[in-house]
Amino acid sequence: DSANMTFIAWGDTQVSNYLYSRNQYAKNACQDLVNSDIEFDAFVLAGDIAENGLAAEYATLYDYLAPVKTKAYIFSEGNHDIRLRAYSQSSKRFLNFVNTLNEDNDLTIDKLYYSYEVNGYKFIVLASDKSEFEENWFSDEQLAWLDSELEQSAKNGMPVFVINHQPL
C-alpha cells in the first residue's frame, strides 16, 4: 500500500501464429496478473511482443493482456516486431496495437519512441528507426530527443526508466 509505483516488466513474449505452445506461457502469466486483483500503475513490455509482427499475433496477445488491470501499457518494439515487413507497415501495426490497449488510458503514441510519466517517474521508450533484421538503428533525431528527455528528467531528481529491447 505504501509503494510509490507498481509495474510489471516483461520482455520477449514472442506470441506466435505457429509456435502455439509458446503462447500458453504468456496466457498463464497474464492470468496470474488478473488473479492477483491488483491494479498496476504500468505494464512494461520490452520488445519482441510478437514472433513475426503479425496482426493475428497481436490479436492473440491483446486477448491475454486486456483483462490485466493497469493504468498504462508501455511497450517497446523489438526486432521480431518489425524485422520481416516494410518498416512503415510493421511500425503502424505496432502503434495500433499499443494504442488499442491504451484506449481507456491517457497514453497515445504516434512514434515507436516516446516517453510517458507514471506517478512522477518517467519511462523513456527507445525504438529502432528502421527495420534491421537483428539490430537497432537510432536516427540522429531520436538520439537528440533522448538527450533532451534525460536532461529534463535530471532536473526533477526522480528515477528514469529507459526501455529498449536490443543492446545499445
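Which side chains meet in a salt bridge at 3.0 Å, N to O? They are the side chains of Lys 71 and Asp 41, where a salt bridge stands for a side-chain nitrogen of Lys or Arg within 4 Å of a carboxyl oxygen of Asp or Glu. This pair links distant parts of the chain, with Lys 71 in the loop between helix 2 and strand 3 and Asp 41 in the loop between helix 1 and strand 2, 30 residues apart.

The model is predicted, so that local features need a pLDDT of at least 70 and side-chain atom pairs count only at pLDDT 80 or more, while totals for chains, interfaces and linings use all residues. Residues are numbered from 1 along each chain as its sequence is written, and side-chain values use heavy atoms, with hydrogens and water left out. Helices (H or I, at least four residues) and strands (E, at least two) are DSSP runs, numbered from the N terminus.

**Salt bridges**

The structure holds five salt bridges, including the three in the table.

| Pair | N to O distance |
|---|---|
| Glu 51 and Arg 22 | 2.4 Å |
| Asp 37 and Lys 69 | 2.4 Å |
| Lys 71 and Asp 41 | 3.0 Å |

Glu 51 lies in the loop between strand 2 (42-46) and helix 2 (55-65), and Arg 22 lies in helix 1 (residues 20-36), so their salt bridge ties together parts that are 29 residues apart in sequence. In terms of relative accessible area (buried under 20%, exposed over 50%, partly exposed in between, with a 1.4 Å probe and protein chains only), Glu 51 is buried at 7%, whereas Arg 22 is partly exposed at 24%.

Asp 37 forms its salt bridge with Lys 69, and this pair too links distant parts of the chain: Asp 37 is in the loop between helix 1 and strand 2, and Lys 69 is in the loop between helix 2 and strand 3 (73-76), 32 residues apart. Asp 37 is exposed, with a relative accessible area of 54%, while Lys 69 is partly exposed at 40%.

**The surroundings of Asp 41**

Asp 41 is buried, with a relative accessible area of 9%, and its partner Lys 71 is partly exposed at 40%. The side chain of Asp 41 also makes a polar contact with the side chain of Asn 119 at 3.2 Å; such a contact is a pair of N or O atoms within 3.5 Å, of which, within protein, one must be able to donate a hydrogen and the other to accept it, and residues adjacent in sequence count only if both atoms are side-chain atoms. Not counting residues up to four places away in sequence, Asp 41 touches Asn 4, Met 5, Thr 6, Thr 70, Lys 71, Ala 72, Val 118 and Asn 119, contact being taken as heavy atoms within 4.5 Å.

**Helix 2 and Gln 142**

The buried residues of helix 2 are Glu 57, Tyr 58, Leu 61, Tyr 64 and Leu 65. They cover an arc of only 115 degrees around the axis, which puts them on the same side of helix 2, the arc being that of the directions from the helix axis to the C-beta atoms. What covers these buried residues includes helix 1, strand 2, strand 3, helix 3 (79-82) and helix 4 (87-101).

Gln 142 has its place in helix 5 (residues 140-156) and is buried, with a relative accessible area of 0%. Leaving aside neighbours within four places in sequence, Gln 142 is in contact with Tyr 113, Leu 126, Ala 127 and Asp 129.
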